[in-house]
Amino acid sequence: AAMAARCRLAARFHHIHGVNIRLDASHTQATRVESFANGLCFSQEPLAPGQIFLVEIEEKELGWCGHLRVGLTAHDPQSLEVVPEYSLPDLVNLGDTWVFAITRNHNRVVVEGEEVQARGRPWEPFLLIERVRIPRDTLVGRSRPGRYSHILDDLYKMNVLPATARRSRIGVLYAPQPDGTADMHIVINGEDMGPSARGLPTTRPLYAVIDVFASTKSVRVIPVDYGFPSLQTLCRLVIQKHIVHRLAIDGLHLPPLLKSFCQHE
């Protein structure tokens, strides 16, 4: 229960952010309103061990080179005299910060002699990272309902679309290690990219870093339920199990909010 409550608190953006960022009233949507930089955002609270901070790319902007940047920092956002213009290299140069640009083929740190472990099958219900068990359904992006959206959804499930596409979901977490440090993992559409950084300190609070950079214009935080599924989630699973396609939800006698939840999330 404590973990679930903390996850709900952290599933928002911090009120400290880059000068070109505008947050919505719920602090779950971050939009860069000018230029291509000054788009730094942070999680509202430090992450707990194994807790993923997950965002969905909602809007793209043509004409810029570069994509979303994601990572962790041991700096409390409120301690920053000025929010840096860039996560790379400005924030990283402050130290105790680990940020990577999201690309189709992401970085992975492999210790010499270590075998690369096989990743879980994309249709398995849970993603396992170290001792962390995350419901995969929330981690996979979905298209908006449309004539061919079921094809796009299948492509997302197979993770063959670019990580930087609209509706892609990108998450970051840290997994504690026996030596007292932690490994940082980045998850793209339900697939663990492996350790992106090792040796992170677990004695200091670690905040998620989301840099809404260049061609990425707007992102939204997606809450991940680590506890028992909500009644709304259970209803969605039952409804989706008994329909041919999400477009059929429009014809059901359901409250509009539940229809939207079943179709879009």
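Start with one bit of vocabulary: a residue is called buried when its relative accessible area is under 20%, exposed when it is over 50%, and partly exposed in between. By that yardstick, glutamate 61 is partly exposed, because its relative accessible area is 26%. Keep in mind that what you're looking at is a predicted model. Here's a quick tour of its sheets, its nonpolar cores, its salt bridges and a few residues worth finding.

**The seven-strand sheet**

- One open sheet has seven strands, in the order E1-E2-E13-E4-E9-E10-E11, and its pairing is antiparallel.
- At the edges you'll find strand E1 (21–23) and E11, each of which pairs on one side only.
- Neighbouring strands in this sheet are turned by 25° against each other on average, if you ignore direction.
- Strand E2 (residues 29–32) is joined to strand E13 (residues 216–221) by three bridges, and the two run antiparallel.
- To find your place in that pairing, look for alanine 30, which stands opposite valine 219 in E13.
- Over at E10 (residues 181–188) and E11 (residues 191–201), six bridges join the two antiparallel strands.
- Here histidine 185 sits opposite proline 195 in E11.
- E10 and E11 make a hairpin with two residues between them, and asparagine 189 in the turn has a positive phi of about 50°.

**The four-strand sheet**

- There's also an open sheet of four strands, ordered E3-E12-E5-E6, again with antiparallel pairing.
- Its edge strands are E3 (40–42) and E6 (97–101), and each pairs on one side only.
- On average, neighbours in this sheet are turned by 20° against each other, direction ignored.
- Five bridges hold the antiparallel pair of E5 (residues 69–73) and E6 together.
- Within that pair, glycine 71 stands opposite valine 99 in E6.

**Nonpolar cores**

- As a bit of background, nonpolar side chains tend to be buried together in soluble globular proteins.
- In this model the largest nonpolar core has 33 residues, and the ones touching the most other members are Phe13, Phe53, Val55, Met184, Ile210 and Val219.
- Several elements give two or more residues to this core, among them E4, E5, E6 and strand E9 (169–176).
- E10 makes the largest contribution, with four residues.
- A second, separate core has eleven residues, including Leu54, Leu139, Val187 and Val224.

**Salt bridges**

- How many salt bridges does a search of the whole structure find? The count is seven.
- One of them pairs arginine 220 with aspartate 24, at 3.6 Å from N to O.
- That pair ties together distant parts of the chain: arginine 220 is in strand E13, aspartate 24 is in the loop between E1 and E2, and they're 196 residues apart.
- Arginine 220 also forms a salt bridge with glutamate 58, where the closest N and O atoms are 2.9 Å apart.
- This is another link between distant parts of the chain, with arginine 220 in strand E13 and glutamate 58 in strand E4, 162 residues apart.
- Put together, Asp24, Glu58 and Arg220 are linked in a network of salt bridges.
- In this network, arginine 220 is partly exposed at 24% relative accessible area, and aspartate 24 is partly exposed at 21%.
- Glutamate 58, however, has 14% relative accessibility, so it counts as buried.
- Glutamate 61, from the opening, forms a salt bridge with arginine 32, and their closest N and O atoms are 2.9 Å apart.
- Glutamate 61 is in the loop between E4 and E5, while arginine 32 is in strand E2, 29 residues apart.
- Arginine 32 is buried, with a relative accessible area of 0%.

**Serine 43 and its contacts**

- Serine 43 is in the loop between E3 and strand E4 (53–60).
- Is serine 43 buried or exposed? Its relative accessible area is 0%, so serine 43 is buried.
- A polar atom of its side chain lies 2.8 Å from the backbone oxygen of glutamate 45.
- The serine 43 side chain also reaches the backbone nitrogen of alanine 208, at 3.0 Å.

**Cysteines**

- The disulfide count for this model is zero.
- Cysteine 41 is buried, with a relative accessible area of 1%.
- Cysteine 65, on the other hand, is exposed, with a relative accessible area of 74%.

Technical notes
Residues numbered from 1 in each chain as written. Predicted model: local features only at pLDDT ≥ 70, side-chain atom pairs only at ≥ 80, totals over all residues. Heavy atoms only, no water. Pairing = 2+ DSSP bridges. Axes fitted to C-alpha atoms, helices over the stretch in contact; angles between N-to-C directions. Buried < 20%, exposed > 50% of the residue type's maximum accessible area, 1.4 Å probe, protein only. Polar contact = N/O pair within 3.5 Å; in protein donor to acceptor, adjacent residues only side chain to side chain. Core = buried A, V, L, I, M, F, W, Y, C linked by side-chain atoms within 4.5 Å. Disulfide = S-S within 2.5 Å. Salt bridge = Lys/Arg side-chain N within 4 Å of Asp/Glu carboxyl O.
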